[in-house]
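The following paragraphs offer a guided reading of the structure shown below. Please keep the sequence and the model in view while reading.

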Amino acid sequence: MSAGTTRAARRWSWETWVIGAGIALLVLYCLAPFYWMFVSSLKGPGEITGNALWPDDPTLVNYRGVFGGQNNFGYAVRNSVIIAVSTTALAMIIAIFSGYALARLRFRGRNLVLALILACSMFPGVAIVTPLYQLFADWGWIDEYQAMVVPNISFALPLAIFVLTTFFREMPWDLEEAARVDGCGPVGAFVRVILPIAAPGVVTTALLVFFAAWNEYLISSVVSITLASNPVTVALAKFAGDSEFQQPFGSQMAAGVVVTVPLVILVLLFQKRIVKGLAAGGYR
C-alpha cells in the first residue's frame, strides 16, 4: 500500500468517526424525549418526580390507569383512528387527482395555482379557530367528527398536493402514452400504469397526512367537547389524578407511549417505501 493510500485511509477513517459521532448525537437527541417518556411511564407515584434514568421499582400502574378509572382512554384512541383515517383517505383522494392535474395538464397560470395552494398553508391555525367554531356551531357540527376532519384536510392538502405534483411531474409519461396506444382510456392508464408507479410517493404522503391528523390538537381542543369525540391529544390534556391536588404525570407519560407506538409501527412497516418516496422526490 502506498503512502498516499495510507494517508487517504487514515483521513477516511477520521471522517467516518466524525460522521458516526454526529449521527449518534442526532439519534440520541431525537430519541431522548421518547426514552424519558417511557421511563417516566414505568415510575410509581413515589418516583415520578425524580430524575433517575431508570426507576428502582418499575411498575405498570400508570398503564392500568390510562384505560381504567375516569380517563376512558380507549374511546379517545377510537376517535383518533376514525378522524386520522378519514382525513387521510379524503385528503389523498383530492391530493392525488389535484397533483396529477397540475403535473399533467398544460394551462396558463398552472404554477400560480400551485403557489396559491401552498400559500394557504401559511395561515396560522390559531387565527381561524374562532371563525371555525362559529361556523361549525351554526351547522351543528360541534362535538362531531367532521368538525375535526374538514379542518385537518384543509391543513394537510397544500403539502400533499405539492409533494404529489412534484412526484407526478417527473414520471415517465411515455408509459401512459403506451398504455393508451394499447387501448387503455385516460382513467385506465392512470389506474393501471401511473398510480402503481407513484405508489412510493403516495404512501409517503399518506403517512405524513396521517401523522399530522393524529397529532392535531388546536382545532380539536375547541370543537371537541365530550368523550364521544375527544381525540387522544385532547383526552391527554384532560387526564385527571386521584385528587384535585395531584397531577397525573405518570398516566400522561403512559398515554403518550400508547399513542406514539402506532406511529412507530407504521414507520417501521413502511420504512422502505418512505425512504424510497422521499429519496425519489428529493432527487427529482
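The model is a predicted one. A convenient starting point is helix H12, which covers residues 249-269 and therefore comprises 21 residues. From its first C-alpha to its last, H12 reaches 31 Å, close to the 30 Å expected at 1.5 Å a residue. The helix nevertheless carries a kink of about 25° at Thr260, shortly before the proline Pro262. Several residues of H12 are buried, including Gly250, Ser251, Ala254 and Ala255. Gly256, Val257, Val259 and Leu263 are likewise among the buried residues of this helix.

Gly250 also leads to another part of the chain, since Ser40 touches Gly250 and Met253. Ser40 itself is placed in helix H1, which spans residues 3-41. Is Ser40 buried or exposed? With a relative accessible area of 4%, Ser40 lies under the 20% cut-off and therefore counts as buried. Beyond residues up to four places away in sequence, the contacts of Ser40 also include Ile48 and Asn62.

Attention may now turn to enclosed space. The structure holds 1 cavity of 30 Å³ or more, and about 50 Å³ of space lies in the largest cavity. Its lining is formed by Ser80, Ile83, Ala84, Ala213, Trp214, Glu216, Ser220, Pro231 and Thr233. The elements that give two or more residues to this lining are helix H3 (73-104) and helix H9 (199-215). H3 gives the most, with 3 residues. By character, the lining residues of the largest cavity divide into 5 nonpolar, 3 polar and 1 charged.

Technical notes: Residues are numbered from 1 along each chain as its sequence is written. This is a predicted model: local features need pLDDT of at least 70, side-chain atom pairs count only at pLDDT 80 or more; totals for chains, interfaces and linings use all residues. Side-chain values use heavy atoms; hydrogens and water are left out. Helices (H or I, at least four residues) and strands (E, at least two) are DSSP runs, numbered from the N terminus. The expected span of a helix is 1.5 Å times one less than its number of residues. The bend at a residue is the angle between axes fitted to the seven residues ending there and the seven starting there. Buried means under 20% relative accessible area, exposed over 50%, partly exposed in between (1.4 Å probe, protein chains only). On a 1 Å grid over the protein atoms alone, a cavity is a set of points where a 1.4 Å probe fits but cannot get out, and a pocket is an open set with protein on both sides within 12 Å along at least five of seven lines; lining residues have an atom within 4 Å of a point. Grid points are joined across faces, edges and corners, and a volume is the space filled by probe spheres set on the points. Ala, Val, Leu, Ile, Met, Phe, Trp, Tyr, Cys and Pro count as nonpolar, Asp, Glu, Lys and Arg as charged, and the others, Gly among them, as polar. Contact means heavy atoms within 4.5 Å.
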